[in-house]
Amino acid sequence: MHKNAPLLYTIIMNAAQTKRAKENNKIKDCGIACNIIITQLAAQRSHHSLLFSAPFTLFCWTNGVSRQTIEALHKCGLCISFTSLLKLLERLADQCVRRAQWIARGPHVMCYDNINISTSIFVEQRASAPAKVQSGTFAILYEVRNGNPAHMRLTPILQRAQAASDLMFNADVRPTYDQTASYYQQLRVHVVNILLEHCSYFKNLATLPYHDRRKLPVGYRTKQYPLRTSTIDESSISGNMAVVNDVYINQLKMTHNELSDRAIPSFNDQSTNARIRGAKALRTQDINPFTQLQFIQLGFGLFHLCLNLVWALLHVHRGSIHQIGSLSYFFALLDRTRLGCEHPDYHTLLSTLLQILRGIILNSWKVECGYDSLAALASSKPTADDLLRIADTILSNHATPVYEPSSLKKKKQSALHSDDTDIDDMAHRNFHLLTRDLLYVLELVTAISDGDWGRVEDILGSLAMVFRGAGSNNYCAEILHFLFNLKKVWTPEFADIMRDNALVNFSGLEGHSMPIDLNIEHCIKFLKQFFAAKGIYSTWDRLGDISATVDLLQNVKKQVGHALGITYRGLTHSSPDSSASVWKVANKINELGLHQFTSERMENDSVQPVIDTLITGEKKMKMGTIATFNRKVRSMFAGQGFEQEEDEIPRLSFDLSNVAEE
């Protein structure tokens, strides 16, 4: 402002502070207030002067300011009127959609998810009344990282699909030696870092870095282009067909010819992918690859994969409060009784599972460190190599399922006909299985936040076995579909494109990557907040304008807050310290001696054996799962329909109300 209106700026600055305050006051800055006063005067002089009032109105509106308050600020010259705000949103939405249309002509990723908007519970019951819950679909386009149009042609992919051989367990599903070795190295780092993060004696040592496999480049920022929300319900095969048609024909204004030889990645939850496959099977005889939906190349969303993995392991290891070493036992120990309800909160459950795992690892450090205490270990000034060697012992003795010591096993084998040979410690066995399964969760979550798809791919085969062993057959099949496409159908170049775009990072900061399907959940959360704050008088078209501008609105909210000096977090904010809970678990494990094999453990009578998900899943795959999968894929390619799997565990039922607040 001092350049555009130097005289006015000087007058207002002198009026706002004394000469003494200007020289000595280093805390209070009146520059922002003076600039705002000048913009108020400019807006009062001309309604075309919207440099401050337009973005500030959007800032207020996205923070839930009421219509009446915005009108009052408009009278003060700080905001535009509410009617002008709605017109601004409509024009911004048109511009955002036109930008998405331009992006869609090049390489891009397309994802969508359903959105359910709840209206007031006091809606009058009449023939023309709106439904209590209105369903629609929200789609987002993303720029492709490492995208090359020549590598995203559909014709080579369709040719490879017709000639594809069957999926084989040993060659295609079971992790390779390189993948197994990589995963083991990551586990060594996890074990050491848990000690360094939760033991105060090692606070001067820096955590060890993980081994990069296929990580997002440092500073890379993903660009997204939301579209208007439609009223199409995508909870059916026909609904998914209509969604794809609405996105590409109605909104992006593309033709069938433009899409007939293009492969477009799409990462969705398992149910959406299953419906799209069903649509492909129904339309195998249609006129072109667009109407056949062949141009959509499917990948699973890692957020929904994490959801279902945690749900499956909860079902396997829940047990009861009286069963030592079970999840219910640890939930009661940590006073997390709500996790035993029908709809546990996902983030609370995930955090608790990782705290239990860290407690298990800390106790194993006390057992295997070779000193009387961890303080003595720290005083010996161990090197990173020393800690990694102890980590090897911990992984071997505490994270590898061993049902009983080999010496006892030999005694059992030498006395096959004795009545006293049934020596087993079921609590100890279950405890080792829990540790191994939770390590998969820890590695998956950490790899995602680090933006390293390669680490995720290292354990995909093992996760497929875990899902199958736990009874989550649909997600086992979803991983098999992805591995089949990765190794049999997609060209190597397109397979790399699918690998490079499953994770996104909008800040460019280390450790802030997220699954692409979690981002759309965040956007839907914002949409519900923006829409609900305006009352039920808002129309679905209004929601369409909001959804197309959701990325812009979030950026305006951040930038205006930053310009006004409003911090995202308070000055006294600190991340919660879970060390007390972690040590509570570790001490209880040590007290119970769960880390030791005890053939005459008193509590073993009340302990039920849990499924070894990895071994059971491997057996089921070899016995028929892989053969059944290959048969269904051949039937789908032949247009004979697509048969979805049936899960053996209850349907996922998490409370996801706080999904966007992590």
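This report looks at model confidence, then strand β5 and its partner, and then Thr-613.

We're dealing with a predicted model, where local features need pLDDT of at least 70, side-chain atom pairs count only at pLDDT 80 or more, and totals for chains, interfaces and linings use all residues. Residues are numbered from 1 along each chain as its sequence is written, and side-chain values use heavy atoms, with hydrogens and water left out.

The average pLDDT (the predictor's confidence in each residue, from 0 to 100) is 87 for the protein, and 90% of the residues score at least 70. Over residues 404-423, though, the pLDDT is below 50.

Here are the elements that come up below; helices (H or I, at least four residues) and strands (E, at least two) are DSSP runs, numbered from the N terminus.

| Element | Residues |
|---|---|
| Strand β4 | 264-268 |
| Helix α12 | 270-282 |
| Strand β5 | 296-300 |
| Helix α28 | 613-637 |

Strand β5 is largely enclosed by the rest of the structure, because five of its five residues are buried (under 20% relative accessible area, 1.4 Å probe, protein chains only). Ile-296, Leu-298 and Phe-300 point one way, while Gln-297 and Gly-299 point the other. In general, side chains in a regular strand alternate between the two faces of the sheet. β4 and β5 pair (DSSP finds at least two bridges) in the parallel sense over five bridges, and Phe-267 has Gly-299 as its bridge partner in β5.

Now to Thr-613, which lies in helix α28. Thr-613 is buried, with a relative accessible area of 0%. Leaving aside neighbours within four places in sequence, Thr-613 is in contact (heavy atoms within 4.5 Å) with residues including Val-316, Met-465 and Asp-437.

Technical notes
Buried < 20%, exposed > 50% of the residue type's maximum accessible area, 1.4 Å probe, protein only. Right-handed = clockwise from strand over helix to strand, strands pointing away.
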